[in-house]
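Below are some comments for a colleague who has the sequence and the coordinates to hand. They go from the overall fold to the strand pairing and then to the charged pairs.

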Amino acid sequence: MAEEDMLLSADPECSRACPTETPTVKELEELLYTGRPSCNHVDEVWPNLFLGDHNSVHSRFDLWKVGISHILNAAHGTLFCHEPHDFYGATVEYYGVPAHDLPDFDISPYFHPAAEFIHKALSTPGG
């Protein structure tokens, strides 16, 4: 990680730039439970990382307003999903996990490729 990519720690004993620690699952759960509920179709859950629903990805204008350049669809099954190039054209990079939104579908084989896609998107200038 380049020094300019490092975040400043809130820890007063850290006198130089140092990477922030990844929050634990417990800390993330506490954040989720203490935060205010969302009434939006899309919310920024991390700097430049948004979580949205079906409505948020079907409006190219709304995506453009928010500045979305990459979309990861965690349930790109064959049902209800359109071919991304037909809808987004060249304006949005799309990655669809070939998963069905069913409780017994094992999505774990797609975690690493999805994380790589997110990392690439966040590393892209303007992404």
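**Notes on the predicted model**

1. The chain holds four helices and four strands, and these elements succeed one another along the sequence in the order α-β-β-α-β-α-β-α. The model is a predicted one, and the points that follow should be read with that in mind.

2. On burial and surface, the chain has 127 residues, of which 16% are buried. Its exposed area comes to about 10,400 Å², with carbon and sulfur atoms supplying 58% of that area. Among contacts with a separation of 6 or more, 32% are between residues that lie 24 or more positions apart.

3. Strand S1 (residues 42-46) and strand S2 (residues 49-52) run antiparallel and are joined by four bridges. Together S1 and S2 make a hairpin with two residues between them, and in that turn asparagine 48 has a positive phi of about 65°. For anyone inspecting the pairing residue by residue, tryptophan 46 has leucine 49, in S2, as its bridge partner.

4. The count of salt bridges is two, and each of the pairs deserves a separate look. In one of them, the side chains of aspartate 62 and lysine 65 meet with an N to O distance of 3.5 Å. Aspartate 62 and lysine 65 both belong to helix H2 (residues 60-66), and because they are three residues apart there, about one helical turn separates them. Aspartate 62 counts as partly exposed, since its relative accessibility is 34%, whereas lysine 65, at 53%, counts as exposed; the cut-off for exposed is over 50%.

5. Glutamate 93 and lysine 120 also form a salt bridge, in which the closest N and O atoms are 2.9 Å apart. This pair links distant parts of the chain, with glutamate 93 in strand S4 (residues 93-96) and lysine 120 in helix H4 (residues 111-123), 27 residues apart. Which accessibility class does glutamate 93 fall into? At 33% relative accessibility, glutamate 93 counts as partly exposed, and lysine 120, with a relative accessibility of 44%, counts as partly exposed too.

6. To place the two salt bridges against the order of elements, it may help to view them side by side: aspartate 62 and lysine 65 are three residues apart within helix H2, while glutamate 93 and lysine 120 are 27 residues apart and join strand S4 to helix H4.

Conventions. Residues numbered from 1 in each chain as written. Predicted model: local features only at pLDDT ≥ 70, side-chain atom pairs only at ≥ 80, totals over all residues. Heavy atoms only, no water. Buried < 20%, exposed > 50% of the residue type's maximum accessible area, 1.4 Å probe, protein only. Contact = heavy atoms within 4.5 Å. Areas by Shrake-Rupley, 256 points an atom, 1.4 Å probe, with all protein chains shown as cover. Pairing = 2+ DSSP bridges. Salt bridge = Lys/Arg side-chain N within 4 Å of Asp/Glu carboxyl O.
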